[in-house]
Amino acid sequence: MKNQFTAKRLLFLGALTAAVFGFVAWQQTTNPPHGGVDFTATRGQFHHYIPHVIVMALIVITADALALWYGWKRHTRQKNVEPVTDAADARLNPLREVEPPAPTGGASA
Amino acid sequence: MTSGVAAQPPAQIGRPARIRGITIPSSLQLQRVPVGAVLLTMVASGIGIGWSILDSFPFYGVVAMGLLPWIPLFFFEAAWKYENYGFYAILGTFTVLQLGHLGEHTAQVTQLLIYDGNLAKAHGIFGNLDLELVHFVWDTGVWLGLLLCTYKLGFRNKWLLVSLLFSSLHEVEHMFLFYINRTNLDFYQHGGFAGIMGEHGLIGSPLARPYLHYIYNFFVVVPLVMAFWDESKHAYNVWLAKALPDMTEQERVSVTQQLQRLRVQEGDVLVQQGDVADRFYIVSDGEVEVVREGSQGETRVALLGPGQFFGEIGLMTAKPRTATVRATKDSELLTLDRDAFLMLVTRSQGGAADLDAAMHTRLAELQLLDKQSPA
């Protein structure tokens, strides 16, 4: 598969993220969520749960690591497949519509 | 058993569509559900919405009535795609469900905008499901689904890794919220619901809970959609891959784009002995029999099931069909026309080798059969 993190995509994702964060920040500032709930919990009550959260995080990290490890092994096993190239695709599928290559820039002054 | 010749022309399923300069991969198009069924579903959905509005249903009821008719249609198409594209169809279903989930969070954020931040009026469309248990079960399912996707595709499609990262953070948050909701409800109701990263939460951030979870979901769903889009451009038909296993992945993708789908009924004749060869077939569902017609009647040469193919001898030797092929059950076949087949043979070394080997074996079997039962 070709590079998936192209500049065009990162730019699109960046713009979308900026729009979402901008909207959220605007809302959070102008209309902070409220709902008649008494926020009386102390920091101590939150801190009581730090060990629990560490265990939860370790469970998630371990599962992620296992999926990544076995995923990597699976990926390396299948690496002998032909890399995807435009040339290979065009060779076999003449009906495929290919975007014209970007024009090269002229000599700079 | 009837013996009619298959009259239905094959349906084009492989060709990518081009809409406003964007190429839509064929795997993203409706390939099994007929257009008529889509129109019927649209009508049913419209009637459901109209009726529920006239009957003063709550808003979630109106949305549910509009969505319900689409569910069987969606899963019918998804089931066909699973049979033909394998895991890709699961990724697609997962992506669609997650888009719906993000839609629900978007609805909640919109309600906050409309009701000036009043949380009591902002529970999304299906607000009755705004429960810690539901959040925990759904998000754990998303996280487990992404672990599976990472195992299957993660290192060839790295957007899935981005999605997994944010899904994992989200999962720890929901584990914590569900745990305190079940073990210390008083703490949960008086501030614990902020969670780990929510405003005033264990670590805390400027984001109140609804906005924080909207952002979590945004960073899970957008990369997932990108990953799915990339996979769509590289999806290939699993029956083609099973029939011609020595083709490279890229060759499978390219040939998949030229496949056509043909449905036949029991007794339909697909290929008539002596006719001009114009098409290659792969069985994807059902069963067909290959019979040789001689002076002493018909002799069954073979029974072919899903993943097996026929029609290659006539096309490769440019001679009339050597046998008749008839469906013994209602069946579905994938076909390539002559030009696409010859392109495959000339351009795919592995595919040509598979076809060549099968052709020689079959010709030898036919010769043996002819010797055993001379005309």
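**Exercise 1. Find how many bridges join β6 (residues 279-285) of chain B to β11 (residues 331-337) of chain B, then place the two strands in their sheet.**

Step 1. In this predicted model, strands β6(B) and β11(B) run antiparallel and are joined by six bridges.

Step 2. Take one residue pair as a check: I282(B) has L334(B) as its bridge partner in β11(B).

Step 3. Now widen the view to the sheet. Five strands of chain B form an open sheet in the order β1-β4-β11-β6-β9, and the pairing is antiparallel.

Step 4. The edges are held by β1 (11-12) and β9 (309-310) of chain B; each has a single partner strand, so one side of each is left without a neighbour in the sheet.

Step 5. Add the helix. α12(B) packs on the sheet and touches β6 and β11 of chain B, with its direction at about 75° to that of β11(B).

**Exercise 2. State which residues touch the most other members of the largest nonpolar core, and which parts of chain B contribute to this core.**

Step 1. The core has 86 residues, and those touching the most other members are L160(B), Y211(B), I215(B), L240(B) and I282(B).

Step 2. Ask which helix gives the most: α8(B), with 13 residues.

Step 3. Chain B is divided into domain 1 (86-232) and domain 2 (238-372), and the core draws at least three residues from each of them. The C-alpha centres of these two domains of chain B lie 48 Å apart.

Step 4. As background, nonpolar side chains tend to be buried together in soluble globular proteins.

**Exercise 3. Describe the side of chain B that touches chain A by number of residues, by helix and by residue class.**

Step 1. Count both sides: chain B gives 56 residues to the contact and chain A gives 45 residues.

Step 2. List the helices. At least two residues of the chain B side come from each of α4 (87-114), α5 (132-153), α6 (159-183), α8 (209-232), α10 (249-256) and α12 (338-347) of chain B. The largest share, nine residues, is that of α6(B).

Step 3. Sort the residues of the chain B side by class: 29 are nonpolar, 18 polar and nine charged.

Step 4. Inspect one residue. Leaving out residues up to four places away in sequence, Y211(B) touches V24(A) and Q28(A), as well as V109(B).

**Exercise 4. Work out how α3 (residues 70-85) of chain B and α4(B) cross, and which residues meet.**

Step 1. The two axes come within 6 Å and cross at roughly 145°.

Step 2. From α3(B), A78(B), K81(B), Y82(B) and Y85(B) take part; from α4(B), they meet Y88(B), A89(B), I90(B), G92(B) and T93(B).

Step 3. By class, this contact has six nonpolar, two polar and one charged residues.

**Exercise 5. Decide whether D246(B) is buried, partly exposed or exposed, and compare the helix that follows its loop.**

Step 1. Locate the residue: D246(B) sits in the loop between α9 (238-243) and α10 of chain B.

Step 2. Count neighbours. D246(B) has 15 other C-beta atoms within 10 Å, and is therefore partly exposed; buried would need 20 or more, exposed 12 or fewer.

Step 3. Beyond residues up to four places away in sequence, D246(B) touches G350(B), G351(B), A353(B) and D354(B). The C-alpha atom of S284(B), 38 residues away along the chain, is separated from that of D246(B) by 18 Å.

Step 4. Turn to α10(B), where seven of eight residues are buried. These are Q250(B), E251(B), R252(B), V253(B), S254(B), V255(B) and T256(B).

Terms used: Residues are numbered from 1 along each chain as its sequence is written. Chains are lettered from A and ligands numbered from 1 in the order in which they are written. This is a predicted model: local features need pLDDT of at least 70, side-chain atom pairs count only at pLDDT 80 or more; totals for chains, interfaces and linings use all residues. Two residues are in contact if their C-beta atoms, placed from the backbone, lie within 7 Å. Helices (H or I, at least four residues) and strands (E, at least two) are DSSP runs, numbered from the N terminus. Ala, Val, Leu, Ile, Met, Phe, Trp, Tyr, Cys and Pro count as nonpolar, Asp, Glu, Lys and Arg as charged, and the others, Gly among them, as polar. A nonpolar core is a set of buried Ala, Val, Leu, Ile, Met, Phe, Trp, Tyr and Cys residues joined through C-beta atoms within 7 Å. Domain bounds come from an automatic or database domain assignment. Axes are lines fitted to C-alpha atoms, for helices over the stretch in contact, and angles run from 0 to 180 degrees between N-to-C directions. Two strands pair if DSSP finds at least two bridges between them.
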